[in-house]
Every structure is written in structure tokens, then in C-alpha cells.
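Visitor: I am new to this structure. Please show it to me, and let me ask how each label is earned.

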Amino acid sequence: MKKNRVLWIIALVIVNSGWYAVSQQSASQEINRPGADFSGEREAKIVALVGDSGDYEIEHCFNSINGGVHNASIRVEMDSKVLYEWSGDTNDGCITYSSDTDEGTIVIFTDMEDGAESKTTLSTWPLKNALIPGVIIVSFGTLMVAYFETFVRVVIKKKIDKIDAMAIEATTEEVASTNSIWQDPVRPN
């Protein structure tokens with residue numbers, strides 16, 4: 001029995017590790033990228049499975065196409081409230097900004113001079129807030145499977161024992177009826 005419990009503890013660790021890995025995965029949206037149509041204004045959604053707020057990360061890179069230095073800026077708004085703002089030029093390299101905000105739609109405004117290109121990516125973690133409730137649900141489900149498995153084994157064992165008892169009883173009756181010293185009287189014809 002102890003071996004069985006150790007196996008279920010290992011199963012709990014494995015399924016919860018899997019849930020942790022899933023909940024930490026990000027969902028990325030390309031806002032602008034080289035080679036695609038540039039848009040100065042794009043909408044994106046911040047969604048959380050649990051709670052009212054979600055984490056997000058915006059990474060933006062501005063590069064020069066013709067070798068010159070060009071001005072660029074980016075602004076992230078939600079309901080006319082500025083969440084993030086950056087101004088610089090194409091020599092600043094890639095910049096990453098992380099924060100959290102309420103669920104909803106954000107608008108990303110990108111402005112740059114001709115001769116520059118933008119690569120902007122928004123990453124969100126919709127399951128990150130669901131880590132603890134997910135661990136509880138996954139653990140409960142795993143334990144339910146463990147106890148259901150034990151219950152099914154007991155029921156199957158009882159049925160097999162009942163079938164065996166019936167077979168033994170039938171065999172005993174058959175043997176008793178064929179090996180009896182008593183027999184029906186023989187009647188003359």
C-alpha cells in the first residue's frame with residue numbers, strides 16, 4: 001500500500017509540474033514586424049483566466065533601413081490612459097517593458113520616420129493568475145482518479161470472488177451428486 005501512495009505522490013508532482021509549465025506560457029502577438037504592412041495603431045487584448053488583471057510585456061526594436069538615424073516612438077494606452085511611452089531613435093536597440101494592467105483592450109501607437117522599420121511584439125500570460133486554482137483542481141482530479149481506481153479494484157475483486165464462490169459451489173454440488181452412495185432405486189420393467 002505504501003508503494004501505491006508513493007506513486008500517487010509522484011503523479012501529483014508530475015501533473016502539478018505540467019500545470020506550472022502550462023500556466024507560465026506566454027501568448028505573443030506581433031504588432032509590427034519587418035516585411036509586413038506597418039500600422040501606426042493596433043489593438044490587442046489583455047486577458048486573464050482568473051482575476052481582473054493580467055501581465056504583459058512589450059518588446060520593440062526600431063532599425064534603420066538606409067543607415068541613417070531616425071526618430072521613433074511608441075505609446076500604449078487603455079481607455080485613454082497611457083500605460084507606457086517611449087521616444088528615441090533607431091540607435092537605441094531593442095527595449096523590453098513589463099507590467100500588469102486590468103483586463104481589456106489596449107491600443108499600441110507606433111510613430112517613426114521614413115527609412116526606419118519596427119518590430120514590436122506584445123506577450124501576455126493569460127493563465128499565470130490561475131496557477132494556484134489550477135494546482136488545486138489538478139491535484140483534486142488526480143486524487144479522485146486515485147481513489148476511484150482503488151474503488152474499482154475493490155468492486156472487481158468482490159465480483160471475481162462471488163463468481164469463484166458460485167463456481168466452487170456448483171462444482172461441489174455436481175461432485176456430490178455423482179459420487180453419492182445413494183442412487184435412485186432400480187425398478188423392474
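Visitor: Why is Cys61 counted as buried or exposed?
Guide: Cys61 has 6% relative accessibility. Buried means under 20% relative accessible area, exposed over 50%, partly exposed in between (1.4 Å probe, protein chains only). So Cys61 counts as buried.

Visitor: What should I know about the model itself?
Guide: This is a predicted model, with residues numbered from 1 along each chain as its sequence is written. Local features need pLDDT of at least 70, side-chain atom pairs count only at pLDDT 80 or more, and totals for chains, interfaces and linings use all residues, while side-chain values use heavy atoms, with hydrogens and water left out.

Visitor: What is the mean pLDDT of the protein chain?
Guide: The mean is 86. pLDDT is the predictor's confidence in each residue, from 0 to 100. In this chain, 93% of the residues reach 70 or more. Among the elements, β4 has the highest mean, 93, and helix α2 (residues 131-178) the lowest, 82. Helices (H or I, at least four residues) and strands (E, at least two) are DSSP runs, numbered from the N terminus.

Visitor: How do you know that Cys61 and Cys94 form a disulfide?
Guide: Their sulfur atoms are 1.9 Å apart. A disulfide is a pair of cysteine sulfur atoms within 2.5 Å. The pair therefore meets the definition. Cys61 lies in strand β3 (residues 53-64) and Cys94 in strand β6 (residues 94-102), 33 residues apart. A search of the whole structure finds 1 disulfide.

Visitor: What makes this disulfide right-handed?
Guide: The torsion about the S-S bond is about 115 degrees, so the disulfide is right-handed.

Visitor: Is Cys94 buried or exposed, and why?
Guide: Cys94 has 51% relative accessibility, so Cys94 counts as exposed.

Visitor: Why do strands β2 and β7 count as a pair?
Guide: Two strands pair if DSSP finds at least two bridges between them. Strand β2 (residues 41-46) and strand β7 (residues 104-112) have 6 bridges, in the antiparallel sense. One of the partnerships sets Ala44 against Ile106 in β7. Strand β4 (residues 71-78) is also joined to β7 by 6 bridges, running antiparallel. There, Ser73 stands opposite Asp111.

Visitor: Which residues touch the most other members of the largest nonpolar core?
Guide: They are Ile58, Val76, Ile106, Ile108 and Leu122, out of 18 residues. β4 gives the largest share, 4 residues. A nonpolar core is a set of buried Ala, Val, Leu, Ile, Met, Phe, Trp, Tyr and Cys residues joined through side-chain atoms within 4.5 Å. In soluble globular proteins, nonpolar side chains tend to be buried together.

Visitor: What makes Arg75 and Glu77 a salt bridge?
Guide: Their closest N and O atoms are 2.6 Å apart. A salt bridge is a side-chain nitrogen of Lys or Arg within 4 Å of a carboxyl oxygen of Asp or Glu. The pair therefore qualifies. Arg75 is partly exposed, at 28%, whereas Glu77 is buried, at 16%.

Visitor: Why are Arg153 and Glu149 separated by about one helical turn?
Guide: Because they are 4 residues apart in helix α2. They also form a salt bridge, with the closest N and O atoms 2.6 Å apart. Arg153 is exposed, at 58%. Glu149 is partly exposed, at 23%.
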